[in-house]
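Colleague: Let's go through the labels on this one. I want the reasoning behind each.
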Amino acid sequence: MKKHEEITISMVRDCHLGEVLPYVLEFRRQLFPLLDPSIVPKDLVNFEQNYLQSSTGAFLQARTHKDELIGVIGMMPYDYRFPHLTIDQSTTVEVARLFVDPGYRRTGIASRLFQELVRTAEQKNIKRLYLHTHPFLKGAYEYWLKHNFKLLRYCSEANYETLHMELMISADK
């Protein structure tokens with residue numbers, strides 16, 4: 001990354017889907033090589049419904065001044081699919097799909113994406129951000145701790161060691 005390269009953070013719109021979905025699927029393929037790449041996760045199959053049309057969803061992108069896609073992050077309504085977690089009915093979204101191109105890592109892009117996601121969540125009156133990550137994703141757990149997420153539970157989910165985390169936020173800031 002050039003020292004003063006201009007990076008823009010914006011909402012993904014329908015017109016970006018042809019680029020954003022393959023970008024996300026390629027990152028997923030690289031990070032989870034043991035998963036069958038022909039099976040698309042439900043959140044991505046229903047991308048527009050989960051991220052673009054939902055009143056509590058959003059998907060953000062980072063782009064260079066040349067309009068090159070270099071990072072993404074999303075939030076979607078939490079579906080309470082982990083019954084062993086004690087997450088109450090406060091307005092909760094699941095943070096998902098934070099990916100930043102390797103050449104732009106450690107430059108603050110992920111933090112800018114996340115900060116904009118928090119602002120968006122506050123505007124939508126979201127009370128809790130939930131996410132899960134995995135120990136094999138280098139630096140992910142530490143990153144989320146740095147951003148004030150708290151560990152809810154460490155367990156095994158679908159043959160992956162999984163860290164379930166949450167961040168309570170307030171729209172009253």
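Colleague: Why does Arg-81 count as partly exposed?

Modeller: This is a predicted model, so the value is computed from it. Arg-81 has 36% relative accessibility. Buried means under 20% and exposed over 50%, so Arg-81 is partly exposed.

Colleague: What makes Arg-81 and Asp-79 a salt bridge?

Modeller: Their closest N and O atoms are 2.8 Å apart. The cut-off is 4 Å, so the pair qualifies. Asp-79 is partly exposed too, at 45% relative accessibility.

Colleague: How do you know that Arg-97 forms a salt bridge with Asp-43?

Modeller: By the same kind of check. The closest N and O atoms are 2.6 Å apart, and the limit is 4 Å. The pair links distant parts of the chain: Arg-97 sits in strand E4 and Asp-43 in helix H2, 54 residues apart.

Colleague: Are Arg-97 and Asp-43 buried or exposed?

Modeller: Both are buried. That label requires under 20% relative accessible area.

Colleague: Why are Glu-116 and Arg-119 separated by about one helical turn?

Modeller: Because they are 3 residues apart in helix H4. They form a salt bridge, with the closest N and O atoms 2.9 Å apart. Glu-116 has a relative accessible area of 25% and Arg-119 has 41% relative accessibility, so each counts as partly exposed.

Colleague: How many salt bridges does the rule give?

Modeller: The count comes to 9. Glu-19, Arg-63 and Asp-67 are linked in a network of them.

Colleague: Which element gives the most to the lining of the largest pocket?

Modeller: E4, with 7 residues. The lining has 49 residues, divided into 26 nonpolar, 10 polar and 13 charged.

Technical notes
Residues numbered from 1 in each chain as written. Predicted model: local features only at pLDDT ≥ 70, side-chain atom pairs only at ≥ 80, totals over all residues. Heavy atoms only, no water. 1 Å grid on protein atoms, 1.4 Å probe; cavity = no way out; pocket = protein on both sides within 12 Å on 5 of 7 lines; lining within 4 Å. Helix = DSSP H or I, 4+ residues; strand = E, 2+ residues; numbered from the N terminus. Nonpolar A, V, L, I, M, F, W, Y, C, P; charged D, E, K, R; others polar. Salt bridge = Lys/Arg side-chain N within 4 Å of Asp/Glu carboxyl O. Buried < 20%, exposed > 50% of the residue type's maximum accessible area, 1.4 Å probe, protein only.
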